[in-house]
Amino acid sequence: MKYKVRLRDKIYEVEVERGEAILVDEYAAAAPAPTAAAAAPTPVPAAAAAPVAAGADAVCAPLPGSVVDVKVSVGESVKKGQILLLIEAMKMENEIVAPNDGVVKAIHTSKGASVTTGAPLVTLG
């Protein structure tokens, strides 16, 4: 399976096969070009994600699914590779891990919540 993960201003393409992840490509994320549809005001969803503070890393959902468990709490120190939460997708539990060492600044989801691809889950600082 191939996944695109956006972290800060970079997009990482990762291929996962037989429990091993391989970095396929890494490139700068381009800002979306404005369109005529973007000029029209759009309604803001009630459950909009909180903005991410400057200098913080947002760990985003790599795929849509349901949050099975949140393994960290705000203020907790985490190490690179530590499990932050579990997402169930297609009847499989996926571990979402810390991309680097840091402190949990915010948790943007909760157990039982449905998430979409790219939705911020946890903010590390």
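Me: When does a residue count as buried, partly exposed or exposed in this predicted model?
Reply: Buried means under 20% relative accessible area, exposed means over 50%, and partly exposed is what lies in between.

Me: Why is Asp69 called partly exposed?
Reply: The relative accessibility of Asp69 is 25%. Partly exposed runs between the 20% and 50% limits, so Asp69 counts as partly exposed.

Me: And what makes Lys71 buried, exposed or partly exposed?
Reply: Lys71 has a relative accessible area of 44%. That value also falls between the two limits, so Lys71 is partly exposed.

Me: Why is the contact of Lys71 and Asp69 called a salt bridge?
Reply: A salt bridge needs a side-chain nitrogen of Lys or Arg within 4 Å of a carboxyl oxygen of Asp or Glu. The side chains of Lys71 and Asp69 meet at 3.3 Å, N to O, so the pair qualifies. The structure holds one salt bridge.

Me: How do you know whether Met90 is buried or exposed?
Reply: Met90 has 63% relative accessibility. Exposed means over 50%, so Met90 counts as exposed. Met90 sits in the loop between strand S7 (83-89) and strand S8.

Me: Which residues lie nearest the centre of the largest pocket?
Reply: They are Val14, Val16, Ala21, Glu95 and Val97, out of 30 lining residues. The pocket's volume is about 1000 Å³.

Me: What makes Val14 nonpolar and Glu95 charged?
Reply: Val is in the nonpolar class and Glu in the charged one, so the two names settle it. Over the lining of the largest pocket, 22 residues are nonpolar, two polar and six charged. Strand S8 gives the most to that lining, with six residues.

Terms used: Residues are numbered from 1 along each chain as its sequence is written. This is a predicted model: local features need pLDDT of at least 70, side-chain atom pairs count only at pLDDT 80 or more; totals for chains, interfaces and linings use all residues. Side-chain values use heavy atoms; hydrogens and water are left out. On a 1 Å grid over the protein atoms alone, a cavity is a set of points where a 1.4 Å probe fits but cannot get out, and a pocket is an open set with protein on both sides within 12 Å along at least five of seven lines; lining residues have an atom within 4 Å of a point. Grid points are joined across faces, edges and corners, and a volume is the space filled by probe spheres set on the points. Helices (H or I, at least four residues) and strands (E, at least two) are DSSP runs, numbered from the N terminus. Buried means under 20% relative accessible area, exposed over 50%, partly exposed in between (1.4 Å probe, protein chains only).
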